[in-house]
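User: I am new to this structure and would like to learn how to read it, feature by feature. Could you take me through it slowly?

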Amino acid sequence: MGIFKSNKKDRDYTIIIGCGRLGTDLADILSDSGGNVMIIDKDKDAFRKISPSYGGFSLIGDATDIDVLHEAQIKNATAVVCVTNNDNTNIMVAQMAKELFKVEQVIARLYDPERECVYREFGIATICPAVLSAYEIRKQLGNVEKEDDSE
Ligand code: AMP
């Protein structure tokens, strides 16, 4: 399978794990901006959400299965973004990407902020919707500036 498109950045290859609401948006945005993108989901119906203009690849499979990651050519990936709806799956795939395949940049969504330290230990960047939302709400309430002033 040829991953890279001739008229696109040929060093850049992002694999997105989980074709849900966030994964779909990311795949569309990265693909539209000229990146080489692969999106993986274990549910074939999940791909219906991708926009018709999506120019990347898609693969049906459980991303915790190493054969699926090989099939996605993870060894060529410059970034892996784990955004399934399961923290355990995200941490497992993120660890495989980082440790086994030495992927440069690995980012994982994490529902449970208390587990962030586990990811940090492995050098995996995390995005935690609860923490981001709380910060944004505080900002909109004018609470962040107040706190910053008192420091
Ligand atoms: P959402 O909750 O909308 O962000 O969607 C999460 C997506 O992750 C769903 O489409 C799931 O089918 C997908 N997903 C969950 N576990 C796995 C897995 N092990 N491998 C691939 N995709 C997964």
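Analyst: What follows is a short tutorial on the fold, the nonpolar cores, the backbone and the largest pocket. Please keep in mind throughout that this is a predicted model.

User: Let us begin with the overall fold: how many helices and strands are there in the protein, and what pattern does the protein follow along the sequence?

Analyst: The protein contains 6 helices and 6 strands, and, when the chain is read along its sequence, these elements come in the pattern β-α-β-β-α-β-α-β-α-β-α-α. To see how the chain folds back on itself, one can look at contacts between residues at least 6 apart in sequence, and of these 52% join residues at least 24 apart.

User: What share of the residues counts as buried, and how much accessible surface does the protein have?

Analyst: Of the 151 residues, 39% count as buried, while the accessible surface comes to about 8800 Å², with 51% of that area belonging to carbon and sulfur atoms.

User: How should I read a nonpolar core, and which residues have the most contacts inside the largest one?

Analyst: The general idea is that nonpolar side chains in soluble globular proteins tend to be buried together. In this model the largest nonpolar core has 26 residues, and those with the most contacts inside it are I15, I17, I40, L69, I74, V80 and V103. Two or more residues of this core come from each of β1 (14–17), β2, α2 (66–71), β4 (79–82), α3 (87–100) and β5 (105–109), and the largest share, 5 residues, is given by α3. If residues up to four places away in sequence are set aside, L69 touches I17, I40, A63, I74, V93, M96 and F101. Apart from this core lies another one, of 11 residues, including C19, V37, I39 and A46.

User: Is I39 buried or exposed, and which residues is I39 in contact with?

Analyst: I39, which lies in strand β2, counts as buried because its relative accessibility is 0%, and buried means under 20%. Beyond its neighbours within four places in sequence, I39 is in contact with residues that include I16, G18, C19, A27, F47, I50, Y54 and F57. As an example of distance in sequence and in space, I39 and I60 are 21 residues apart along the chain and 8.6 Å apart from C-alpha to C-alpha.

User: What can phi tell me about the backbone, and where is Q73 found?

Analyst: As a general guide, most residues other than glycine have a negative phi, and a positive value is therefore worth a look when reading a backbone. Q73, in the loop between α2 and β4, has a phi near 60 degrees, a positive value in a residue other than glycine. K102, found in the loop between α3 and β5, has a positive phi of about 55 degrees although it is not a glycine. As for accessibility, Q73 counts as buried at 17%, whereas K102 is exposed, with a relative accessible area of 64%.

User: Finally, how do I read a pocket, and which residues are the closest to the centre of the largest one?

Analyst: The general idea is that rolling a probe the size of a water molecule over the atoms shows where empty space is left. Here the largest pocket holds about 400 Å³ of space, and, of the 22 residues that line it, the closest to its centre are G18, C19, D41, T84 and N85. Both α1 (21–32) and β2 (37–41) supply at least two residues of this lining, whose residues divide into 8 nonpolar, 7 polar and 7 charged.

Key
Residues are numbered from 1 along each chain as its sequence is written. This is a predicted model: local features need pLDDT of at least 70, side-chain atom pairs count only at pLDDT 80 or more; totals for chains, interfaces and linings use all residues. Side-chain values use heavy atoms; hydrogens and water are left out. On a 1 Å grid over the protein atoms alone, a cavity is a set of points where a 1.4 Å probe fits but cannot get out, and a pocket is an open set with protein on both sides within 12 Å along at least five of seven lines; lining residues have an atom within 4 Å of a point. Grid points are joined across faces, edges and corners, and a volume is the space filled by probe spheres set on the points. Helices (H or I, at least four residues) and strands (E, at least two) are DSSP runs, numbered from the N terminus. Ala, Val, Leu, Ile, Met, Phe, Trp, Tyr, Cys and Pro count as nonpolar, Asp, Glu, Lys and Arg as charged, and the others, Gly among them, as polar. Buried means under 20% relative accessible area, exposed over 50%, partly exposed in between (1.4 Å probe, protein chains only). Contact means heavy atoms within 4.5 Å. Accessible areas come from the Shrake-Rupley method with a 1.4 Å probe; for residues, only the protein chains shown count as cover. A nonpolar core is a set of buried Ala, Val, Leu, Ile, Met, Phe, Trp, Tyr and Cys residues joined through side-chain atoms within 4.5 Å.
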